[in-house]
Amino acid sequence: MTTDITELAQSLKAAAEKATPGPWGVARDGKTLVSNQSHPIATVSDAMHRMLADGSTGKDAEFIALANPANILALVEALEKAQQHIARQEVPDGQR
(Lines give C-alpha, C1' and ligand atoms only; values in the text may rest on other atoms or scores of the structure.)
Protein backbone atom coordinates (compact mmCIF):
# COMPACT_ATOMS: atom_id res chain seq x y z
CA MET A 1 0.00 0.00 0.00
CA THR A 2 1.37 3.41 -0.94
CA THR A 3 0.54 6.54 0.96
CA ASP A 4 -0.19 9.86 -0.67
CA ILE A 5 1.76 12.11 1.69
CA THR A 6 -0.15 15.24 0.66
CA GLU A 7 -3.50 13.57 1.29
CA LEU A 8 -2.27 12.22 4.63
CA ALA A 9 -0.95 15.64 5.65
CA GLN A 10 -4.27 17.30 4.81
CA SER A 11 -6.19 14.65 6.76
CA LEU A 12 -3.92 15.13 9.77
CA LYS A 13 -4.25 18.91 9.50
CA ALA A 14 -8.06 18.75 9.38
CA ALA A 15 -8.16 16.41 12.38
CA ALA A 16 -5.69 18.54 14.35
CA GLU A 17 -7.73 21.68 13.74
CA LYS A 18 -10.80 19.94 15.23
CA ALA A 19 -9.01 18.31 18.18
CA THR A 20 -8.93 19.37 21.80
CA PRO A 21 -6.38 22.16 22.14
CA GLY A 22 -3.30 21.56 24.23
CA PRO A 23 -1.02 21.45 25.82
CA TRP A 24 -1.36 17.70 26.05
CA GLY A 25 0.46 15.67 28.65
CA VAL A 26 0.48 12.38 30.50
CA ALA A 27 -1.20 12.24 33.90
CA ARG A 28 0.63 10.99 36.95
CA ASP A 29 -0.78 7.49 36.44
CA GLY A 30 1.32 7.25 33.25
CA LYS A 31 -1.58 6.05 31.12
CA THR A 32 -4.08 8.93 30.92
CA LEU A 33 -3.65 11.70 28.38
CA VAL A 34 -4.87 15.10 29.48
CA SER A 35 -5.28 18.48 27.85
CA ASN A 36 -4.77 21.69 29.79
CA GLN A 37 -3.88 19.53 32.80
CA SER A 38 -7.53 18.71 33.51
CA HIS A 39 -9.48 17.47 30.49
CA PRO A 40 -9.02 13.69 29.96
CA ILE A 41 -8.50 12.83 26.30
CA ALA A 42 -7.80 9.10 26.46
CA THR A 43 -6.87 6.40 28.90
CA VAL A 44 -5.04 3.17 28.22
CA SER A 45 -7.22 0.48 29.78
CA ASP A 46 -6.03 -1.51 32.78
CA ALA A 47 -6.22 -4.66 30.64
CA MET A 48 -3.95 -3.07 28.04
CA HIS A 49 -1.69 -1.83 30.80
CA ARG A 50 -1.34 -5.38 32.16
CA MET A 51 -0.79 -6.77 28.63
CA LEU A 52 2.13 -4.44 28.20
CA ALA A 53 3.92 -5.70 31.29
CA ASP A 54 7.23 -4.44 29.96
CA GLY A 55 6.21 -0.92 30.98
CA SER A 56 5.81 0.44 27.46
CA THR A 57 2.30 1.76 28.15
CA GLY A 58 3.72 4.94 29.64
CA LYS A 59 5.88 5.34 26.54
CA ASP A 60 2.82 4.90 24.32
CA ALA A 61 1.01 7.59 26.29
CA GLU A 62 4.01 9.91 25.95
CA PHE A 63 4.08 9.32 22.19
CA ILE A 64 0.36 9.98 21.82
CA ALA A 65 0.66 13.14 23.93
CA LEU A 66 3.43 14.36 21.61
CA ALA A 67 1.20 13.70 18.59
CA ASN A 68 -0.93 16.63 19.70
CA PRO A 69 -2.67 19.15 17.43
CA ALA A 70 0.04 21.81 17.68
CA ASN A 71 2.82 19.37 16.79
CA ILE A 72 0.84 17.85 13.92
CA LEU A 73 0.11 21.32 12.52
CA ALA A 74 3.81 22.22 12.81
CA LEU A 75 4.83 19.05 10.95
CA VAL A 76 2.27 19.65 8.19
CA GLU A 77 3.45 23.25 7.83
CA ALA A 78 7.08 22.11 7.58
CA LEU A 79 6.11 19.48 4.99
CA GLU A 80 4.20 22.05 2.92
CA LYS A 81 7.17 24.47 3.00
CA ALA A 82 9.55 21.68 1.97
CA GLN A 83 7.25 20.67 -0.88
CA GLN A 84 7.07 24.31 -2.08
CA HIS A 85 10.86 24.58 -1.91
CA ILE A 86 11.27 21.37 -3.93
CA ALA A 87 8.74 22.59 -6.51
CA ARG A 88 10.67 25.86 -6.93
CA GLN A 89 13.92 23.93 -7.40
CA GLU A 90 12.35 21.76 -10.11
CA VAL A 91 11.33 24.73 -12.30
CA PRO A 92 13.89 25.27 -15.11
CA ASP A 93 15.99 28.47 -14.72
CA GLY A 94 14.43 30.16 -17.74
CA GLN A 95 10.91 29.73 -16.34
CA ARG A 96 11.45 31.19 -12.85
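Is Lys13 buried, exposed or partly exposed, and at what relative accessibility? Lys13 counts as partly exposed, at 26% relative accessibility. The model is a predicted one. The protein has 96 residues, and its secondary structure comes to 4 helices and 3 strands. Read from the N terminus, the elements follow the order α-β-β-β-α-α-α.

**Overall figures**

- Of the 96 residues, 18% count as buried.
- The protein exposes about 7100 Å², and carbon and sulfur atoms supply 59% of that area.
- Among contacts between residues at least 6 apart in sequence, 47% join residues at least 24 apart.

**Sheet**

- The 3 strands form an open sheet in the order 1-2-3, and their pairing is antiparallel.
- Strand 1 (24-26) and strand 3 (39-43) are the edge strands, since each of them pairs on one side only.
- On average, neighbouring strands of this sheet are turned by 30° against each other, with direction ignored.
- In general, the strands of a sheet pair through backbone hydrogen bonds, in either a parallel or an antiparallel way.
- Strand 1 pairs with strand 2 (residues 32-35) in the antiparallel sense over 3 bridges.
- One of the residues joined by a bridge is Trp24, whose partner in strand 2 is Ser35.
- The hairpin of strand 1 and strand 2 has 5 residues between the strands, and Gly30 in this hairpin takes a positive phi near 75°.
- Strand 2 also pairs with strand 3 in the antiparallel sense, over 4 bridges.
- On that side, Leu33 has Ala42 of strand 3 as its bridge partner.

**Side chains of strand 2**

- Which residues of strand 2 point one way, and which the other? Thr32 and Val34 point one way, while Leu33 and Ser35 point the other way.
- Side chains in a regular strand alternate between the two faces of the sheet.
- Thr32, Leu33, Val34 and Ser35 are all buried, which means that each has under 20% relative accessible area.

**Pro40 in strand 3**

- Pro40 lies in strand 3 and is exposed, with a relative accessible area of 53%.
- The cut-off for exposed is over 50%, so Pro40 at 53% falls in that class.
- With neighbours within four places in sequence left aside, Pro40 is in contact with Leu33 and Val34.
- Both of these contact partners, Leu33 and Val34, are buried residues of strand 2.
- Pro40 and Trp24 are 16 residues apart in sequence, and their C-alpha atoms are 9.5 Å apart in space.

**Salt bridges**

- How many salt bridges does the structure hold? The structure holds 2 salt bridges.
- One of them joins the side chains of Lys13 and Glu80, at 4.0 Å from N to O.
- Lys13 lies in helix 1 and Glu80 in helix 4 (residues 69-90), so this pair ties together parts that are 67 residues apart in sequence.
- Glu80 counts as partly exposed at 22% relative accessibility, and Lys13 counts as partly exposed at 26%.
- Partly exposed covers the range between under 20% and over 50%, which is why Glu80 at 22% does not count as buried.
- A salt bridge also joins the side chains of Glu77 and Lys81, at 3.1 Å from N to O.
- Glu77 and Lys81 are 4 residues apart in helix 4, and so about one helical turn separates them.
- Glu77 is partly exposed, with a relative accessible area of 42%.

**Helix 1: surface and end**

- Ile5, Leu8 and Leu12 make a nonpolar surface patch of about 230 Å².
- Leu8 has its place in helix 1 (residues 5-18).
- The relative accessible area of Leu8 is 36%, and Leu8 is therefore partly exposed.
- A patch takes residues with over 30% relative accessible area, and Leu8 at 36% meets that cut-off.
- Lys18 also belongs to helix 1 and is exposed, with a relative accessible area of 73%.
- Lys18 and Pro69 are 51 residues apart in sequence, but 8.5 Å apart in space from C-alpha to C-alpha.

Conventions. Residues numbered from 1 in each chain as written. Predicted model: local features only at pLDDT ≥ 70, side-chain atom pairs only at ≥ 80, totals over all residues. Heavy atoms only, no water. Pairing = 2+ DSSP bridges. Helix = DSSP H or I, 4+ residues; strand = E, 2+ residues; numbered from the N terminus. Axes fitted to C-alpha atoms, helices over the stretch in contact; angles between N-to-C directions. Patch = residues over 30% accessible without salt bridge, like charges linked within 9 Å, V, L, I, M, F, W, Y side chains within 5 Å. Areas by Shrake-Rupley, 256 points an atom, 1.4 Å probe, with all protein chains shown as cover. Buried < 20%, exposed > 50% of the residue type's maximum accessible area, 1.4 Å probe, protein only. Contact = heavy atoms within 4.5 Å.
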